[in-house]
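Here is a friendly tour for anyone about to open this model in a viewer. Keep the structure at hand and follow the topics in whatever order suits you.

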Amino acid sequence: MKPSLLTAVIASTFSIGAVAEIKPMSTVPAKPAEQVTLSNYTEHPYNHWSFQNMGIHPVVMVPRDGAISELPQNLRPEIVEHKFKYGETEYTFRDAMINDFTDGYIVIKDGKVLYEEYFGDFGHRDKHLWASSTKSLIGQALGLLVEQGKVDVNEKVSKYVTELAGTHFGEQSLRTVLNMTSALNYREDYVNMTPGEVHYEYFRRLGFVPGYDLMAIDPTKDDTPRDLLSFAGMFEQSEDLPINNTFEYHSPNVDVIGWVIARVSGQPLNEFIADNIWNKLGTEHDAFFMADIGYNPIATGGFNTTLRDFARVGLAMVNNGQYNGEQVFSEKWVKDSFNVDEQDRKATNNSIYKQKEGAVYDSHLEGYKNFLWVHDSEKNIATYRGVFGQFLYINQDKNVVIATFSSADSASNAARETSKIRLDAFESLANSL
């Protein structure tokens, strides 16, 4: 489906002018104040350009193959004027998208596109960073190996990755890592970073903070951990927290699962995703992973695709893994991911996301399972979530998928009020359809 002229006009009206006066990379060569660098690429408004051009980092490809699965239409443009209340204020669905610096969104019901809109210079052929929505894809990728009997989630990580034997991660079960109850001595803090602290050093290897000195290291002469995988053994348990007690959103867990997938499958993660997922979805475009200095795909947040291909992943999830005539994900594993039990619920209730007076309280979250944010385990409603506003909303009860890419003005969706409004918009619109 090509965006209409009206959509293009509306998009341009609300795009860069609403974001900031700075227009990143808008001239050749770029003016100094508009130059995107490794030091500012996550900052607003520079992220409006960089999230669509993540080749500023090392990347590895995830090529598509086969026939494209067409997305049929049942266009209902009026749905974006759907009204809902957040607190005492009334918004339209489209208001909620615009207010959180959305680059593009698509709404699908019963497998048919109801509405699709792009803003500014982002379009249906452009790729965009998923950020931590990648985590949920990695969770489903591991499920394929579980389905094949090659992985047992109750086994220790060190059974599959011997390099982690004797480390904190190596002693954890895969289930503990998948549910992020590994009790790391680590903070997922995107603002308050102190050089030398473990989370700062982790972000340097992730590329969130530039590690120019790491880039200069010759690995044949210096064994300093340069990449995410060699750094995984550096993590220790928090002294204040028992294992399997509390859901703590900690990105390093996903690096470990990505490593398990590569080790067990015998393929680099990007090739495993291409062969077992991307080529089965009937995607329109190649995808790619950001990579670390060692060219390891960044499992925790490095996937980049077009918006429609992001939505195709949701179409598989909403149908228990089946799409395009293929069982893309394991049906049993998808169902398990939605199946929040009492232990999962308890760990989530112990987290900061369920502290009602806290800044990151999440009224939608019931539990976290297999790297999936589960809203309702009876109706099978969940989200893939990535910082700065990347969301894949999946509602099996209503057979609705909503995909959004954004370049919001702060990283934490949990703390950003406009993101909380967005989540309410998803739920309200889905319930109205």
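A good place to begin is Ser 265, which lies in helix H10, residues 252-265. Bear in mind throughout that this is a predicted model. From there the briefing moves to an open sheet, the nonpolar cores, a hairpin, a few polar side chains and some unusual backbone spots.

**Ser 265 and its surroundings**

- Ser 265 counts as partly exposed because its relative accessibility is 23%, and buried would require a value under 20%.
- Two backbone atoms sit by polar side-chain atoms of Ser 265: the oxygen of Ala 262 at 3.5 Å and the nitrogen of Gln 267 at 3.2 Å.
- Lys 150 is 115 residues away from Ser 265 along the chain, yet their C-alpha atoms are separated by 8.5 Å.

**The four-stranded sheet**

- Four strands make an open sheet in the order S1-S7-S8-S6, and their pairing is antiparallel.
- Strands S1 (59-62) and S6 (128-129) are at the edges with a single partner strand each, so one side of each has no neighbour in the sheet.
- S1 and S7 (residues 287-290) run antiparallel and are joined by four bridges; within this pair, Val 62 has Ala 287 in S7 as its bridge partner.
- Helix H11 (residues 269-278) packs on the sheet, where it touches S1, S7 and strand S8 (303-305). The direction of H11 makes about 20° with that of S1.

**Nonpolar cores**

- As background, nonpolar side chains tend to be buried together in soluble globular proteins.
- The largest nonpolar core here has 103 residues, and Ile 273, Phe 329 and Tyr 384 have the most contacts inside it.
- Helix H12 (residues 307-318) gives the most to this core, contributing eight residues.
- Which residues does Ile 273 contact, leaving aside its neighbours within four places in sequence? They are Val 62, Leu 137, Ile 138, Ala 141, Trp 278, Phe 289 and Phe 303.
- A second core, separate from that one, has 26 residues, including Phe 84, Met 97, Ile 402 and Phe 426.

**Helix H13 and the loop before it**

- Trp 333, Val 334, Ser 337 and Phe 338 are buried in helix H13, residues 331-338. These four cover an arc of only 140° around the axis, which puts them on the same side of H13.
- The spacing has a simple background: an α-helix has 3.6 residues a turn, so residues three or four places apart point the same way.
- Ser 330 has its place in the loop between strand S10 (326-327) and H13, and it is buried because its relative accessible area is 4%.
- A polar atom of the Ser 330 side chain lies 3.1 Å from the backbone nitrogen of Trp 333.
- Apart from neighbours within four places in sequence, Ser 330 is in contact with Gly 143, Leu 144 and Glu 147.

**The S4-S5 hairpin**

- Strand S4 (residues 102-109) runs antiparallel to S5, and six bridges join them; one bridge pairs Tyr 105 with Glu 117 in S5.
- Two residues separate S4 and S5 in this hairpin, and Asp 110 in the turn has a positive phi of about 55°.
- Is strand S5 (residues 112-118) mostly covered or mostly uncovered? S5 is mostly covered, with six of its seven residues buried.

**Asn 47**

- Asn 47 lies in helix H3, residues 46-50, and counts as buried because its relative accessibility is 0%.
- Its side chain reaches the backbone oxygen of Ala 408 at 2.9 Å.
- Leaving aside neighbours within four places in sequence, Asn 47 is in contact with Tyr 41, Thr 42, Phe 388, Ser 407 and Ala 408.

**Backbone spots to check**

- The peptide bond from Val 28 to Pro 29 is cis, with omega near -5°, and Pro 29 lies in the loop between helix H2 (16-19) and H3.
- His 44 and Pro 45 are also joined by a cis peptide bond, with omega about 5°; Pro 45 is found in the loop between H2 and H3.
- Asn 370 is not a glycine, but has a positive phi of about 55°. Asn 370 lies in the loop between strands S11 (367-369) and S12 (372-376), and is buried with a relative accessible area of 0%.
- Asn 399, a residue other than glycine, has a positive phi near 55°. Asn 399 is in the loop between strands S14 (390-395) and S15 (400-406), and at 29% relative accessibility counts as partly exposed.

Key. Residues numbered from 1 in each chain as written. Predicted model: local features only at pLDDT ≥ 70, side-chain atom pairs only at ≥ 80, totals over all residues. Heavy atoms only, no water. Buried < 20%, exposed > 50% of the residue type's maximum accessible area, 1.4 Å probe, protein only. Polar contact = N/O pair within 3.5 Å; in protein donor to acceptor, adjacent residues only side chain to side chain. Arc of directions from axis to C-beta. Pairing = 2+ DSSP bridges. Contact = heavy atoms within 4.5 Å. Axes fitted to C-alpha atoms, helices over the stretch in contact; angles between N-to-C directions. Core = buried A, V, L, I, M, F, W, Y, C linked by side-chain atoms within 4.5 Å.
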